[in-house]
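Thank you all for coming; I would like to take a few minutes to walk through one model, starting with a pair of helices and then moving on to charged contacts and the surface.

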Amino acid sequence: MSRLFPVALLLSMALAGCSTIAPDVPPEESPAAAPGAPQPSSAEAPLAVPPLTRLPDTPARPLAGRFQRVSYAEIPGWRDDDLAQFWPVFLRNCKGLMRPTSGNLTLPARAAPRAWQPVCAAAVDPARRPVATDPESVRRFLQTYLQPWRLLAADGKPAANLVTGYYEPLVRGSRRQGGLHQWPLYSPPDDLLTVDLGAIYPELAGKRVRGKLEGKRVVPYDTRAELENPGRRPPALVYIDDPVDNFFLQVQGSGRVLLTDGPDAGKTIRVVYADHNGQPYVSIGRWLIDKGELSADQASMQGIRAWAQRNPQRVREMLNANPAVVFFKEEPLVDPEAGPRGAYGVPLTPRRSVAVDASFVPLGTPVFLGTTWPGSDRALERLVFAQDTGTAIRGAARADFYWGTGDAAGQMAGRMKQRGQMWVLWPKQAGEPSAR
């Protein structure tokens, strides 16, 4: 999904400032994440586990996190998590784990496939796999094959960090511009260049910049305002009926659009992050505060929307204060219950997927997350999968919790700004967690 910014952090970032609207992470190099590829549903291709000989090893990538071996009895809430619907999510995650790694350092670190091959093989073996609908059978399987490790901070103490939430917006739009549908979601422009600096300077591995050619020079790509000039507008996938919905969909990096007219009227499509213009992100909330239009406590999603409704003639001015633009591609909505693909390349699962800092927890890793429900001190303790990354997701035990699709999920995500800890589950035979 290429996470951008957690909903609850939009205002705090408005006050603190930030560097970019999108993570500089290319899509996963695998058929599952090929542009336009349909998302696999649980009814499609079953999990196929290759032999170890077909999973060539690549050099290990160092992890910034430290780990302490613990027992399951030491994980608070381990036995309280209802795993009745967990097994299909585990198998889907195994599909990602069984992809060979490329060794490309511009990609986020992934859990080592060779470490997971025996576990995923057991998951499809009729003699060893659990009863999928029996939560205790699933729990026994996990305890048999996986060892818990507590994630530690650099000082060797248990890591605790911020846990925010994100979601997939559902908005209304049209493939044609007209009436209320005036706010485009663009496809990537043909003249957008992405320069991999690591290919030129090895010490800059993983660093990429975006721009365009002017003669023989690469210059910054157009800002949001410049893309409104005649001849500079990229092709639009759809036009959204509300400017604030359009903006926050770009912040989330993915969403669903209910088409309201034309031959596809009534159809819902998914639009996902494809690229961005490389310009720095500027919060429209911060802009409204600086202009004296809103106070800090009014600069919420609801407050920004209300201001836009009161000041329709200034909406473009507000949006153009942010030069950053996200470009999208359309993907088939094969399984309405599945979320968009995260940086790991598999569909996100509501309340079972999180975005993490992959330099501490490699993508594809099961993680037991100990936190609290949004805006409360009630325990939220459950087994999730590290399947996404994001610009604001940095540090040991930092997480962004995926709530699902639509307004209810958005309300939960918008209120979530909790503290949390992590326990990584790793194959018993593989030793300490590792990455490729």
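The axes of helix α2, residues 87–97, and helix α3, residues 113–123, come within 10 Å and cross at roughly 140°, where the axes are lines fitted to C-alpha atoms over the stretch in contact and angles run from 0 to 180 degrees between N-to-C directions. That angle makes α2 oblique to α3, because angles under 35 degrees count as roughly parallel, over 145 as roughly antiparallel, 65 to 115 as roughly perpendicular and the rest as oblique. The crossing of α2 and α3 is left-handed, a word used when the near helix is turned anticlockwise from the far one by less than a right angle. Helices here are DSSP runs of H or I with at least four residues, and strands are runs of E with at least two, numbered from the N terminus.

Before going further, I should say that this is a predicted model, in which local features need pLDDT of at least 70 and side-chain atom pairs count only at pLDDT 80 or more, while totals for chains, interfaces and linings use all residues. Residues are numbered from 1 along each chain as its sequence is written, and side-chain values use heavy atoms, with hydrogens and water left out.

Now to the charged contacts. How many salt bridges are there, by the rule of a side-chain nitrogen of Lys or Arg within 4 Å of a carboxyl oxygen of Asp or Glu? The count comes to 23. One of them brings us back to helix α2, since the side chains of D335 and R92 meet at 4.0 Å, N to O. D335 lies in the loop between β12 (326–331) and β13 (353–356) and R92 in helix α2, so this pair ties together parts that are 243 residues apart in sequence. Both D335 and R92 are buried, meaning under 20% relative accessible area, whereas exposed is over 50% and partly exposed is in between, with a 1.4 Å probe and protein chains only.

A further salt bridge joins E331 and R341 at 2.6 Å, N to O, with E331 in strand β12 and R341 in the loop between β12 and β13, 10 residues apart. E331 and R341 are both buried as well.

The side chains of R172 and D241 also form a salt bridge, at 3.7 Å, N to O; R172 sits in strand β4, residues 170–174, and D241 in the loop between β9 (236–240) and α5 (243–252). R172 counts as partly exposed, at 45% relative accessibility.
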